[in-house]
Structure formats: structure tokens, C-alpha cells
Amino acid sequence: MQTATTAPAGVAEGARIRTRITERFGASTPILNAGMVLIAGPELAAAVSNAGGIGTIGATMVPPEGLRGMIRATRALTPRPFGVDLIGQFVEPAHVDVLLEERPALVIFFWSAPPASTIERLKAAGVCVWMQVGTVAEARDAVALGVEALVLQGSEAGGHNRAEMTLATLLPAIRQACSTLPLVAAGGIVDGCTMAAALVAGAEAVWCGTRFLATHEANAAEGFKSRVVESGPGDTEISTVFGPEWPGEPVRALANAAVRAARGRAAEALEEAQGEVIGTVVLGGERLPVPRYSAILPIRDMEADLDWACLTVGEASAVIETIEPAAALVARMTRDALALLPASSHSATSRAA
Ligand SMILES: Cc1cc2nc3c(=O)[nH]c(=O)nc-3n(C[C@H](O)[C@H](O)[C@H](O)COP(=O)(O)O)c2cc1C
């Protein structure tokens with residue numbers, strides 16, 4: 001599809017935003033959807049890749065054969081490159097075997113890195129390896145491990161988040177510390193203006209979670225998508241209450257009844273919730289109970305009380321007003337960013353090399 005390349009008024013026909021990342025993956029626009037676990041599946045990843053961006057699937061905690069199935073399902077929907085997102089500490093040798101056999105174009109690690117040997121083996125197999133980081137120290141460690149680009153998660157971002165500052169400050173801080181790697185901006189990017197701002201600041205692609213959650217192809221429950229559209233300024237906060245599956249980690253989420261009840265007392269709230277169930281979810285073909293404070297996100301196959309569910313979104317949910325097809329979103333963001341960016345960034349094959 002070429003929708004992402006349509007030139008807006010004042011932009012030369014055929015103009016494209018080229019960066020080292022678009023060139024590496026043959027993408028026509030430097031937009032990635034974040035690899036949101038359970039939410040970014042083959043349908044969303046393929047839609048983004050088919051629209052000229054780089055789609056990613058969120059595969060954390062998916063068993064190895066499930067990972068293979070997701071990669072193959074995405075391949076069946078798009079001939080274009082896409083990525084796989086994983087939390088390092090949940091990656092077992094069998095996952096690595098699947099990645100080496102299936103060879104997605106890109107693997108992005110978050111929160112914890114795999115051993116350097118895993119990164120080396122993936123790179124040797126032709127798989128590009130990135131790491132998402134939220135601090136300068138994490139960025140330095142990731143560079144030392146040999147990753148090929150850094151996704152920079154600002155503190156405004158949705159999902160697990162321990163960033164030390166907002167994207168606007170993190171980007172220049174990490175650019176100074178690790179200036180040679182391509183940087184990908186994450187946190188609060190929802191439209192052409194926020195995308196252009198990140199690219200002007202030195203990013204070579206944008207990685208958007210909350211904005212893609214509110215698309216038709218995202219595997220989120222309709223009620224979850226609606227809450228993104230309905231939310232306003234200040235409606236998110238960082239909480240450590242979610243996830244008996246993965247306890248005590250900071251997550252940015254909508255401040256629903258669950259988050260409010262646990263403010264300043266996460267341990268006690270978890271204790272009180274013992275044995276409580278908020279609904280059911282189908283995972284791996286099985287309908288399972290969802291415990292109160294589970295980190296399992298509301299997906300299409302969940303029936304649960306959303307006031308007590310984990311509604312991870314970023315601060316930018318306050319400005320998202322539509323649920324739309326991913327391709328339309330990619331096209332609009334690209335067109336609007338092109339109109340704002342200096343012409344030099346349309347044609348340069350590499351901005352920072
Ligand atoms: C619903 C949701 C789920 C997420 N799950 C993951 C995940 O599984 N792996 C990951 O690397 N990041 C995950 N994130 C964080 C994103 O990678 C990214 O940092 C964030 O979405 C960027 O900020 P934004 O939401 O303002 O676009 C998630 C974010 C959201 C909103």
C-alpha cells in the first residue's frame with residue numbers, strides 16, 4: 001500500500017521521510033506500533049507493515065510454539081518486515097530457537113535484556129535487535145550488549161514504565177550518551193505533530209502504544225478502547241499494584257477504581273484482593289478466571305469489570321478521540337509530519353550517520 005506516501009500540500013510528490021530505520025526495513029514511513037502484549041497481535045502488526053510502517057507483535061509470556069504461531073500468522077497477512085517484542089527475563093532457550101528458525105526482521109527487548117550471546121546469535125541470523133530503555137544507564141548497558149537501536153520510553157508512556165524523565169528530556173540525554181545508534185521515540189506520540197517533533201529532536205522512528213490501542217485491529221476489548229477515547233488530562237498514574245503474575249513493577253494505567261483503591265497501599269490492596277475474581281478471559285483456548293489486580297490486559301476475549309482491570313495507557317490517552325483503522329492512522333500521521341518537517345529530512349537517506 002502506498003497511502004503513507006501521499007504528498008500533502010507544499011510537499012513534493014513522492015516525498016518520504018527517510019531515516020536509517022526506514023532504509024533498513026524498506027519502510028515508507030518511520031512509524032512502529034509498540035509491541036503491546038496481548039493487544040498488538042498479527043492483525044495490528046500486519047496492518048501497520050502493510051501501511052508502510054513497521055508492525056510489531058507483543059509476545060511476552062507467550063509459549064515458544066505460540067510465538068511461532070504468531071510470527072507465521074503475521075507472515076500470512078503481510079509480505080513486509082515486522083518485529084517481535086519480548087521482555088528479556090521471560091525469554092527461554094526455546095523462544096530463541098523459534099526466533100532463529102523463523103527469523104522475524106526485528107526483535108525488541110524491554111525491561112530486562114537477554115544475555116549478550118542471545119543478541120549475538122540473533123544478529124548473526126540476520127535479525128535486527130533493539131532494546132527499549134527508560135534511563136541513560138539502561139541505554140549504556142544496552143549499547144554495551146550490542147543492540148542496533150534504542151527505543152526511548154519517556155515517563156509519560158503507557159505500560160510498564162520506570163523512565164527517569166519525559167521523552168523530551170530523555171531523547172537529548174541519551175543522544176548525548178549514545179549518539180551513534182538510531183533512536184526511536186516512545187511516549188505521547190499520537191499524531192503528525194508529535195511525530196515530527198520527535199524526529200526533529202533526533203529520533204529516526206516513532207514507537208506508539210496508546211494511539212494504536214485505539215485502532216480497529218488492536219486486540220483490546222471495545223470497552224478498553226472506549227475508555228481511551230473518553231479519558232482526559234491527568235487520568236493516568238503509575239501504580240505497582242498490578243500483576244501477581246509479575247509483581248511490584250511500576251505500570252502507567254488509567255486511574256480506575258483498582259488503581260485508586262491501591263494508592264500508597266499496594267501490598268495491603270493485594271492482600272485484601274486474595275481470592276477475588278473480576279471476570280474471565282480466554283487464553284490459549286481456555287477460559288480462565290481473572291484475579292483482581294491481574295496484569296492481564298482487557299482483550300476481546302475478556303469479560304471483566306473494567307473498573308477493576310489493568311487499563312495500561314499513556315498520558316496521551318487524554319488527546320485520543322477516535323478509534324480508527326491502523327492504515328488510516330499511519331497515513332495521516334505521515335502526511336501531517338511530512339508537512340511539518342524540513343524538506344531536507346524528506347530526501348536524506350540518513351540523518352545521523
Ligand atoms: C496497553 C499497553 C501494553 C504495553 N505492553 C508492552 C509490552 O508488552 N512490551 C513492551 O515492550 N512495551 C509495552 N508497552 C509500552 C510500549 O512499548 C511503549 O513504551 C508505550 O506504549 C509508549 O507510550 P505511548 O503509550 O504514549 O505511545 C505497552 C503499552 C501499552 C499502552
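These exercises cover the ligand shell, two sheets and two buried serines of a predicted model.

Residues are numbered from 1 along each chain as its sequence is written, and side-chain values use heavy atoms, without hydrogens or water. Local features need pLDDT of at least 70 and side-chain atom pairs count only at pLDDT 80 or more, while totals for chains, interfaces and linings use all residues.

**Exercise 1. The ligand shell**

Task: Describe the residues that surround the ligand.

Solution:
- Step 1. Apply the cut-off: a residue is near the ligand if one of its heavy atoms lies within 4 Å of it.
- Step 2. Count. The ligand is surrounded by 20 residues. D85, Q132, G188, G209 and T210 are the closest.
- Step 3. Sort by type. Nine are nonpolar, ten polar and one charged. Here Ala, Val, Leu, Ile, Met, Phe, Trp, Tyr, Cys and Pro count as nonpolar, Asp, Glu, Lys and Arg as charged, and the others, Gly among them, as polar.
- Step 4. Place them. Strand β9 (205-208) and helix α9 (210-213) each give at least two shell residues. Helices (H or I, at least four residues) and strands (E, at least two) are DSSP runs, numbered from the N terminus.

**Exercise 2. Backbone atoms at the ligand**

Task: Find which backbone atoms of G35, G158 and G187 approach oxygen atoms of the ligand, and how much of the ligand is covered.

Solution:
- Step 1. Use the limit for a polar contact: a pair of N or O atoms within 3.5 Å; within protein, one must be able to donate a hydrogen and the other to accept it, and residues adjacent in sequence count only if both atoms are side-chain atoms.
- Step 2. Read the distances. A polar backbone atom of G35 is 3.2 Å from a ligand oxygen. For a backbone N or O atom of G158, the distance is 3.3 Å. For G187 it is 3.5 Å.
- Step 3. Check the cover. On its own the ligand has 590 Å² of accessible area, and the protein covers 97% of this. The areas come from the Shrake-Rupley method with a 1.4 Å probe; for residues, only the protein chains shown count as cover.

**Exercise 3. The sheet with β10**

Task: Give the strand order of the sheet that holds β7, β11 and β10, and say why β7 and β10 are edges.

Solution:
- Step 1. Two strands pair if DSSP finds at least two bridges between them.
- Step 2. The open sheet runs β7-β11-β10, with antiparallel pairing.
- Step 3. β7 (159-160) and β10 each have a single partner strand, so one side of each lacks a neighbour in the sheet.
- Step 4. Four bridges join β10 to β11 (residues 251-254). Two join β7 to β11.
- Step 5. V251 of β11 stands opposite S239 and is the bridge partner of H160. A253 is the partner of E237.

**Exercise 4. Two serines**

Task: Are S239 and S112 buried or exposed, and what do their side chains contact?

Solution:
- Step 1. Buried means under 20% relative accessible area, exposed over 50%, partly exposed in between (1.4 Å probe, protein chains only).
- Step 2. S239, in β10 (residues 236-239), counts as buried because its relative accessibility is 7%. A polar atom of its side chain lies 3.2 Å from the backbone nitrogen of V241.
- Step 3. S112 sits in the loop between β4 (106-110) and α5 (116-124). Its relative accessible area is 16%, so S112 is buried. Its side chain makes a polar contact of 2.6 Å with that of Q89.
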